[in-house]
There are 2 protein chains.
Amino acid sequence: MTLSDAIETHLRDLLAYQGEVELKRSDLSDYFACAPSQINYVLTTRFSVERGYQVESRRGEGGYIRLRRLNCPDLPELLESLVRFEGQLGQAEAEALIGRLEEGGLLAGRVARMLRRAVDRRVLAVPLPERDLLRYRLLTEMLAAYLATVGGERR
Amino acid sequence: MTLSDAIETHLRDLLAYQGEVELKRSDLSDYFACAPSQINYVLTTRFSVERGYQVESRRGEGGYIRLRRLNCPDLPELLESLVRFEGQLGQAEAEALIGRLEEGGLLAGRVARMLRRAVDRRVLAVPLPERDLLRYRLLTEMLAAYLATVGGERR
DNA sequence: GCTTCGTTGACTAATCCTGATCTATTGTAT
DNA sequence: ATACAATAGATCAGGATTAGTCAACGAAGC
């Protein structure tokens, strides 16, 4: 049981009650008597979209970290299938994925159209291999945000 | 809840009653027991044009600050107004725009949430200044794709 | 041993808030 | 009409307060 595991467990416990939790990074690092950056490590390794979580944050006075548990029947398989892309996604693969979701009725036509624009290499316009990494992050985060529900309620 | 948030809330409440509010900066800063310049900070960060507000003011004897809500832009106006960003867009500005379009009923809640993820600096995760350029391209392209009407019909 | 995972600390970045100083507008005395 | 004083908002640099990034090093598991 590492420190990271302990922090993960703690956060999961909090999330079990509410689908969303807000906290201060410094409070958490004080509580676990660790470096503040340790919190970031846990967040990126254990609370990623692939695992069904989303993280928001703000710096400065009144800063916070907000954790959300994603809730969507179709999301797990979807993200599971993304894992094999290993964090990278080519344009063709992205378009194929969007097409399948649209046919499956999970994406409205306008939304699908918008997503296709977003994964276009001319719109992203950053050199490879960063482009495929960016496309992966973008699409997974956007799909999660669009498809997920929180607390069993459609947002 | 920071001081800025409190001031923002207060002003929003006032605006909810009347579409236009006139007040003295010094009164407000007295009321919140803060520096007068704090009011300016709130005005520029929370009541910007991107967020759909217009601010007028006069100095000297009889000076005042007048706050007004603007109507939600349609796609042509929107694209026109984006020009002034010169191909770059910060996260705060992007979020302001998305919020305004959402309030105006042009973006559904889920779509707005999705777009907010897309403009998040942690999702884009490319170094500045490329990040602001990328954000601009992404948002304009996606909004155009989503809001566009073809043959008078929403696609 | 080598590779992966966990942990830390030094540096970076965003956000809020204030105070000193500047500018615009009006009032008043000559 | 002009000059000066008084009033009130604007601007800007910088300090304070958070959170993020990254490289390095150590620990744990093959």
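How do the residues of the surface near DNA strand C divide into nonpolar, polar and charged? Keep that question in mind while you load the structure, which is a predicted model, and begin the tour at this strand.

**First stop: DNA strand C**

Select DNA strand C together with the 29 residues around it, of which A:Y41, B:S4, B:Y41, B:R58 and B:R59 come nearest. If you then colour the strand by its chemical parts, you will find that sugar and phosphate account for 65% of those of its atoms that come within 4 Å of the protein. Colouring the protein side by class answers the opening question, for the surface near DNA strand C is made up of nine nonpolar, ten polar and ten charged residues.

Now switch to a cartoon view and highlight α1 (3-17) and α3 in chain A, and likewise α1 (3-17) and α3 in chain B, since each of these helices supplies at least two residues of the surface near DNA strand C.

Three individual contacts deserve a distance label. At A:L3, a backbone N or O atom lies 3.0 Å from a phosphate oxygen of DNA strand C, whereas at B:R131 an N or O atom in the side chain is 3.3 Å from a phosphate oxygen of that strand. Moving to B:R59, you will see an N or O atom of the side chain 2.5 Å from a base oxygen of DNA strand C.

**Second stop: DNA strand D**

Next select DNA strand D, which has 27 residues around it, with A:R25, A:N40, A:G60, B:N40 and B:S57 coming nearest. Of the atoms of DNA strand D that come within 4 Å of the protein, 62% belong to sugar and phosphate. By class, the surface near DNA strand D holds four nonpolar, twelve polar and eleven charged residues.

Which residues of chain A should be labelled beside phosphate oxygens of DNA strand D? A:S26 places a backbone N or O atom 3.2 Å from one, A:N40 has an N or O atom of its side chain 2.6 Å from one, and A:S57 has a polar side-chain atom 3.1 Å from one. Widening the selection to whole elements, those that give two or more residues to the surface near DNA strand D are α2 (25-31), α3 (36-46), β2 (53-58) and β3 (64-69) of chain A, together with α2 (25-31), α3 (36-46), β2 (53-58) and β3 (64-69) of chain B.

**Third stop: the sheet of chain B**

Hide the DNA and select the strands of chain B, where three strands form an open, antiparallel sheet in the order β1-β3-β2. Because β1 (20-23) and β2 of chain B stand at the edges, each with a single partner strand, one side of each is left without a neighbour in the sheet. From one strand to the next, the twist averages 15°.

Following the pairing of β2(B) with β3(B), which is antiparallel and runs over six bridges, you can pick out B:Q54, whose bridge partner in β3(B) is B:R68, and then B:S57, whose bridge partner in β3(B) is B:I65. Bring α1(B) back into view at this point: this helix packs on the sheet, touching β1, β2 and β3 of chain B, and its direction makes about 125° with that of β1(B). Finally, centre on the hairpin of β2(B) and β3(B), which has five residues between the strands, and where B:G60 takes a positive phi near 70°.

**Last stop: the domains of chain A**

Return to chain A and colour its assigned domains, namely domain 1 (3-69) and domain 2 (75-147). Taken over C-alpha atoms, the centres of domain 1 and domain 2 of chain A are separated by 26 Å.

How values were computed: Residues numbered from 1 in each chain as written. Chains lettered and ligands numbered in written order. Predicted model: local features only at pLDDT ≥ 70, side-chain atom pairs only at ≥ 80, totals over all residues. Heavy atoms only, no water. Near = heavy atom within 4 Å. Polar contact = N/O pair within 3.5 Å; in protein donor to acceptor, adjacent residues only side chain to side chain. Helix = DSSP H or I, 4+ residues; strand = E, 2+ residues; numbered from the N terminus. Nonpolar A, V, L, I, M, F, W, Y, C, P; charged D, E, K, R; others polar. Domains from an automatic or database assignment. Pairing = 2+ DSSP bridges. Axes fitted to C-alpha atoms, helices over the stretch in contact; angles between N-to-C directions. Contact = heavy atoms within 4.5 Å.
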